[in-house]
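Please go through this assembly chain by chain. The report starts with a single backbone outlier, then turns to folds, interfaces and helix packing.

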Amino acid sequence: MIQALAEQGTQMMVVLVLAPLLTGYVRCVKARLQRRRGPSVLQPYRDLQRLLNKEVVLPETSSWLFRAAPYGVFSATWVAAALVPTFATNLLFSWSGDLIAIIALLGTGRFIQALAALDVGTSFGGIGSSREVMIASLAEPALIMLVFTIALIAGTTQLSDIAAAVLSPTLGLRVSLALALIGFVIVAIAENARIPVDNPATHLELTMVHEAMVLEYSGRYLAMIDLAAALKLLMYASLIACVFCPWGLAPPGSTLARTGLGMAAWAGKMAVAGTALALFETIVAKMRVFRVPDFLGIALMLGLLGTLLLFVSRSL
Amino acid sequence: MTGFGITGAAIASLATGGLDPVAAVLLVPLGASVLLAVLPGYLWPSRLNVLACLVALLCALLLLWHRPPAGDYLMIDDLNVVFIVLNTFVGFTTAAFSASYIGHELQTGRLTLGLLRFYHAMYQIMMFGMNLALVANNIGLMWVAVELSTLTTVVMVGIYRTPAAIEAAWKYFILGSVGIALALFGTILVYLAARPVVGESAGSMVWTVLISRAAGFDPELLNVAFVFLLLGYGTKVGLAPLHAWLPDAHAEGPTPISAVLSGLLLNVALYALLRFKMLLAANPAALAPGPLMITLGLLSLIFAALMLYRRHDIKRLFAYSSIEHMGIIVFAFGMAGPLGNFAGLLQMTMHSLTKSAIFFTVGHITQAKGTQEMSDMGGLTETHPVLGWTLAAGIAAIAGLPPFGVFTSEFLLLSSTFDRQPLLAAAVVAGLLIAFGALLMLLTPVAFGAPRGRNAHVHASTLPIFAHLALVLTGGIFLPPALVAWFQHVAVLLG
Amino acid sequence: MGAAVPHDFAFDIAHMLAGALVLLSLMMLYQDRLYALINVLALHALVLALSVAWQAWVHDAPHLYITAGIALGFKAVIIPMALRRMVFRLRVHREIETVVGTGLTMLAAIALIALSLQVMLPVTEGVDPVSREDIALALSVVLIGLLMMVTRQNAVSQVAGFMSLENGIVLAATGAQGMPLVVEISVAFSVLIAFIVIGIFLFRIRERFDTVDVEALDAFRGERG
Amino acid sequence: MTVPVVLGCCAGLLLLAVAAGPVARSRHASPLIYGSTGAICLLVCIAALTGGDDALVLPVGLPWLGAHFRLDRLGAVFLALIDLGGTGASLYAIGYGRHEPAPRRVLPFFPAFIAGMNLVVVADDAYTFLFAWELMSLASWALVMADHRSADSQRAGIVYLLMATFSALTLLLAFGLLAAPQGGYAFADMRAGALPPGRAALVLTLALIGAGSKAGLMPLHAWLPLAHPAAPSHVSALMSGVMTKVAIYAFIRIVFDLLGPTTWWWAVPVLTAGGTAATLGVLHALMERDLKRLLAYSTIENVGIVFIGLGLALAFRANAMPAAAALALTAALFHAFNHMLFKSVLFFGAGSVLVATGERNIERLGGLTRVMPVSAACVLIACMAISALPPLNGFASEWLTFQTILVSPALPQWGLRLLVPAVGTLLALAAALAAACFVRAYGIAWLGRPRSACVERARETDRFSLAAMAGFAALCVLAGLFPGLVIDALSPAVQLLVGGRLPSESGLPWLSIEPSADRNTSYNALMVFVFIVGAATTGWVAVHRLGTSAVRRAQLWDCGYPGLGPASEYSAAGYAQPIRRVFGPLAFRSSETVMMPPPGDLSPARIRKHLHDQAWELLYLPLCDAVLALAELFNRFQFLTIRRYLSFVFLALVGLLLALTLWQ
């Protein structure tokens, strides 16, 4: 019991602490790919530190919701991240939410964020918020479709069991899983406001989505939001890892060494994911906002296709 | 001569069986008409008119308990006992309504005192004619009575002497006469069919005799007869395409007469038709009149429903709605079966109560607004709350919405029809919806919205209206067992 | 009295009279002058009176004499006179405008006669031959009368049509032997016709039934909008 | 003993309605009437929850039948739902009713409306059922006509009453089929009798049309967005939150209870209708600017979600999979209950806004959170609940629906196996769009800067209204945190209808819910909530420990353009534009035209968007045109000459004689 609690606690802390690292790592790799030296991997931590020590400049038009929102976004994202098995399965509280619940939790975060963007009553907040909900309204069905595919294979939406099912020898290599993987990646890119859907580094009003929502934030609030974004990225990475390559996940109640092994495996996967993301972002260009639906439509199609193929293979 | 014969019979029965309520129901209006023809002034004649109708009603109510045996000329049975009571009742309430209505007409000078005498006398004669048609035990006599009521109503429709009124009366008169003639031909054929069985005697046109021996009649001859009767009496019922007289007669006559026309006269004609339908039902070999009645009924329903949309004149609107309901009723009897016939009878009762109540309301509204054009009325629920809301209630009732009685009959009709003839039921539903849509579209601005037109104060005699609506309401919630028993018995006889 | 007449002879006479009625109806259709029409109408009523009287004589039903009398006095004399006066007074011009050509109406009338025979004869095997004939021919008279009312655009000729229709019905009523209330019915009908004629006088209905005063009517019929 | 109590209460309500007419003028009438209505509703609610099954026959109604009343578990569930909603609405109205311009047009009909809905649920024969059904429609129609001078209300009233009659007649036909020719109108007889498959399918269709048009399924929804907003807000809450549920009850009663065994393909139309309504409804809501119309459209969406659940239940029931069927039905009922809660709060909020600002167009609102903080908080909770966000109740029910969809691969029929995932996608789409819709609604109306002067005048609403809103918002939270309790409360009804039930949830550790025993998928709202609160506090504490907590109020930065007026705020139309671009062409055949001034011309460029309500344009308008054209055609018969009319008689006679001769 104590150990389980400890595992859960460590997992939560670990994701929280390591989230900025992944972001920093991605930036660093990108810089290298662009033949720049770029900031150090630890730069995000320094940014957080700086933001925390700055005073908050609060628009006088803002209401209580504006101030509460960052904590809401942060906590929702963090809980979602905490429910994803990173280095160990069957964590103590893993049953308190399945894949759908995790998606919905991220939805909660997005909801609050979009509201906060409207709260101050600027045109930029409006732009970002409306684009955000448009993207989400397409990403969510796609995600559900993918979840459906996976659930068909694993027979459940509980992540630990999905991991176990994918690991089980009975399940051979499946086309639909590959399709689901691609779909998942597309959705993850869209949800994390990465290129080509959005550019985390731009402040061009025509292009920005996520950044436009948080323009008015400063100081510790901005810190919370950035941390939440980083958490989200890490969460998606580990979600994909846990669903599509769950190797090395430590079973419940395993020894410290086994847990350590799990940690190492997870760190490896994250590194691979980060590198892949950086590579992808360097080779593709940002697309126009109204091309995004087509991009996400691909994910939806992939989900449906996966389901159909699965039915076919089942019926054989 | 006819009247003579009947009077004789009545007197004879008076001599034999003490005060025979049946005879009284006929004699009271006759006597009253004579009195009213000579009595001058407004106040007393109108009161006498009401009183006479009240007495007739009381006599009719006596029939509910003590039912005299059927004679050669008159009879009371489960079918007509209800309608005679209904007839006298609506006659009474209409008289009460007309008392206040006519008063207003005198003030506005649309009627003179001389015309008033004529009006009251004719009113009583009309009541006499309709009562006679209902209690007649002789198909020839019934025919004469129906013609009598036609003639009286014709002159009353034309009483305003406006070109429109005269034209309406004329149209009514001509079409009615032709219809009557056809009905008579049918009656003769029925006699021909009966003669070989019953033999040449005075009894060979007596209804009770006919129905008891009907099984032996020549079926083909009965069929031909029924065609003539359907068209003849159907003209008076107002079935499309024989309906043409009805809307104008309703629109141009005094409103009490519109109420009587819709509430009673159509019923009387329909009653005559039912009598002959019973004959056919009693004769196994005769072809079922169902298809004919269903066709005419549906035709009238749909036709009237569509005609509603383009109306400007509120009275003509409700006249068409009467055609629509007659269509439903005839359809119901055409569908037959215990439920269908029961529904038809109930619809007849409820419709006459509701429609006359509506015409009472409309009468007062037109007097308050000084016009019959719906475009000049509006926001009645604000300016005349009582009239406005009673109109709304009346529309709900006539449209067959609960808690009113029409709902019961339409419920029975549709649910029993759809099981046998889905398409026909669907057609009826379509007709009902079309009609209801028209009523809503045209009357919502009349009852609601911003007030329009002039708002004269009017002494509305609301008691008759409320009495009718209350009865219709009870009909929707609780039907007295005796009534149900009679209707069920008649429904069986109707086949 | 009477009643000693051999049956077939009685039948022949009745048959002849009824046939004559139908013939007269056809002649009415054929007329194109109002006065001539009225004459034929009177003749029609006369023949009716004869046939009713004959029925009364044959079946020794005295009350039918009343009906015959009415037919003779009222329909064969009074009404035609009234109509003549009307034509004179109202200055109805003497032609009869027809809706459908005379020839066509004649054909239609023939067809109607055929129809009525076709309808009636098969269904009346049960009844005795006289009534059978009478009823069938009466129906054709009725139908022709109705046809006349619909194809003539002239008040007088429409009255004539209605009267011939009504004659047909009386013929049927008397033909159906032993039918009670025949007298009452014929009385009632006479009242009806009287009403019509009076009405025409009263309301000065010149050309057609449906115009009392055309200009006045458009106002009230104006639910076109 | 329950049914007599309920009937007594209904009688009481009707008496109130009668009494309300005369006294409505007086100042104390409205609190009195609403107060007693609320009390009676509460009483019925308690009776429904505590009482047992029981039946009663009164000697009224159809003569040889009598009026049958019966309360079973299903009825009890809906009775509780109705009267809970009724209580809330009455409580709200105690305060809201003061602002009523014409109380005489509202007070008498409000209790009658509630009485009608209650009677529908306890009715046990077709006549009584339809009687109560029409009573409900009529009373609500009168309430829609409350503001009778406005042309919109009149139009709404006409369309509404017509559609209501249509649905009643359709149900009447359905009952006509169910009652055998000898007229067994009592529900007991209908249950006993078995129908041939063809007729059963016909009954299903009729029930779907009849109940669906009342519940607002597309394309029979046309009356709903007109009528619900036209009524006073507490009535809108009742119509949207409760009356649609009565329609759903009617569908369940007929299809699941009276109709007997089901065939698998019956699920197809229900699922399709549900999916369409869910998606199109929320898309319409997204395009809407009128706050109450927006809510009405979102009602259509939620009804669609409920019908998806019902369709799934039918599918599983037909394949004898009671556990899955129970899951689906539970999800549907649960969502119906939730929708009653949050939709009521939302309409209450809309009403408060209307009272405070006199404005329903969200383009002219904004910044209400500062002037009406409590209402703002309640409405925010409701918005999050209706957007299906954990840990609130909306998510709990939609989560159950998704779980049902995940069971669907077990279905044997290919058609269903392929249809259900598609419907699932539609459901997810609807959920995401709902979130977008309510971000827009709340963000534009309540947040940001005031867009018009009407907001400055605004004040917080009275305490009764606040109590009603806060109470229901709290219920939203509770039902979200302890879904197990609700599910267990629904189980008897589910058991009754599909012969299976969910495993008892109250036994599970930490009150988590687990839809099916074999697949250990679970969701624990309470735990998630605790986690979120914990995380938030941790974050807050940590931040204030590690960094400063200094705050400086300053002007908007606005990307370097401060001092722009509220006109520069994002408008509701602009907010919906991206989604309109994506879904509009399909859903509304929408198009945009931009009018650019020529170079050098300083006049502003204009953009005009064209949206088409396809239901109107493809179904209703053609119908109306056809009827009117026919009317025009027939109207000629009014103006013929007597001779022509006579010729009709003549032709009819000849025709019939010919027919007769040919016949014989």
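Is C:Asp60 buried or exposed, and how many other C-beta atoms lie within 10 Å? C:Asp60 has 12 other C-beta atoms within 10 Å, so the residue counts as exposed. The cut-off for that class is 12 or fewer. This is a predicted model, and every value here is computed from it.

**Backbone outliers**

Most residues other than glycine have a negative phi, and most peptide bonds are trans. C:Asp60 departs from the first habit, with a phi near 45 degrees. Its place is the loop between α2 (34-58) and α3 (63-89) of chain C. D:Ala320 is another non-glycine residue with a positive phi, about 50 degrees. That residue lies in the loop between α12 (291-318) and α13 of chain D. D:Ala320 has 11 C-beta neighbours inside 10 Å and therefore counts as exposed.

Cis peptide bonds appear as well. One joins B:Ala240 to B:Pro241. Another runs from D:Pro390 to D:Pro391. The table sets out these sites.

| Site | Feature | Value | Loop |
|---|---|---|---|
| C:Asp60 | positive phi | near 45 degrees | α2 to α3 of chain C |
| D:Ala320 | positive phi | about 50 degrees | α12 to α13 of chain D |
| B:Ala240 to B:Pro241 | cis peptide bond | omega about 5 degrees | B:Pro241: α9 to α10 of chain B |
| D:Pro390 to D:Pro391 | cis peptide bond | omega near 5 degrees | D:Pro391: α15 to α16 of chain D |

**Chain A**

Chain A holds eleven helices and one strand. Along the sequence, two helices come before the strand, and the other helices follow it. How does the radius of gyration of chain A agree with that of a compact globule? A compact globule of 316 residues would have a radius near 20 Å; chain A has 19 Å, so the two agree. The C-alpha trace spans about 60 × 45 × 45 Å along its principal axes. Of the 316 residues, 60% count as buried. Contacts reach far along the chain. Among those with a separation of 6 or more, 80% link residues 24 or more positions apart.

**Where chain A meets chain D**

Four pairs of chains are in contact, and chains A and D share the most contacts. Here 68 residues of chain A touch 70 residues of chain D. On the chain D side, the elements that give two or more residues are α14 (368-371), α16 (393-407), α17 (414-445), α21 (525-546), β3 (551-554) and α22 (572-587). The largest share comes from α17(D), with 15 residues. By class, this side of chain D has 43 nonpolar, 18 polar and nine charged residues.

Strands also pair across this interface. Strand β1 (residues 56-59) of chain A runs parallel to β3(D), joined by four bridges. A:Pro59 stands opposite D:Ala554 in that pairing.

Chain A has no contact with chain B; their closest C-alpha atoms lie 40 Å apart. Chain A has no contact with chain C either, and there the closest C-alpha atoms lie 51 Å apart.

**Where chain B meets chain C**

This contact takes 35 residues from chain B and 37 residues from chain C. On the chain B side, α6 (139-157), α7 (163-198) and α9 (219-237) each supply at least two residues. Helix α7(B) gives the most, with 16 residues. The chain B side divides into 21 nonpolar, five polar and nine charged residues.

**Inside chain D**

Two packed helices are described by the angle between their axes and the distance between the axes. For α13 (residues 322-357) and α15 (residues 373-386) of chain D, the axes come within 9 Å and cross at roughly 145 degrees. The crossing is left-handed. Residues of α13(D) in this contact include D:Phe342, D:Val345 and D:Leu346, while those of α15(D) include D:Cys378, D:Val379 and D:Ala382. By class, the contact has eight nonpolar, four polar and no charged residues.

Chain D also has an antiparallel strand pair. Strands β1 (residues 54-58) and β2(D) are joined by five bridges. D:Asp54 stands opposite D:Leu71 in β2(D). Strand β2 (residues 67-71) is mostly covered, with four of its five residues buried.

Notes. Residues numbered from 1 in each chain as written. Chains lettered and ligands numbered in written order. Predicted model: local features only at pLDDT ≥ 70, side-chain atom pairs only at ≥ 80, totals over all residues. Rg over C-alpha atoms; globule rule 2.2 N^0.38 Å. Buried ≥ 20, exposed ≤ 12 C-beta atoms within 10 Å, placed from the backbone. Contact = placed C-beta atoms within 7 Å. Nonpolar A, V, L, I, M, F, W, Y, C, P; charged D, E, K, R; others polar. Pairing = 2+ DSSP bridges. Axes fitted to C-alpha atoms, helices over the stretch in contact; angles between N-to-C directions. Left-handed = near helix turned anticlockwise from the far one by under 90°.
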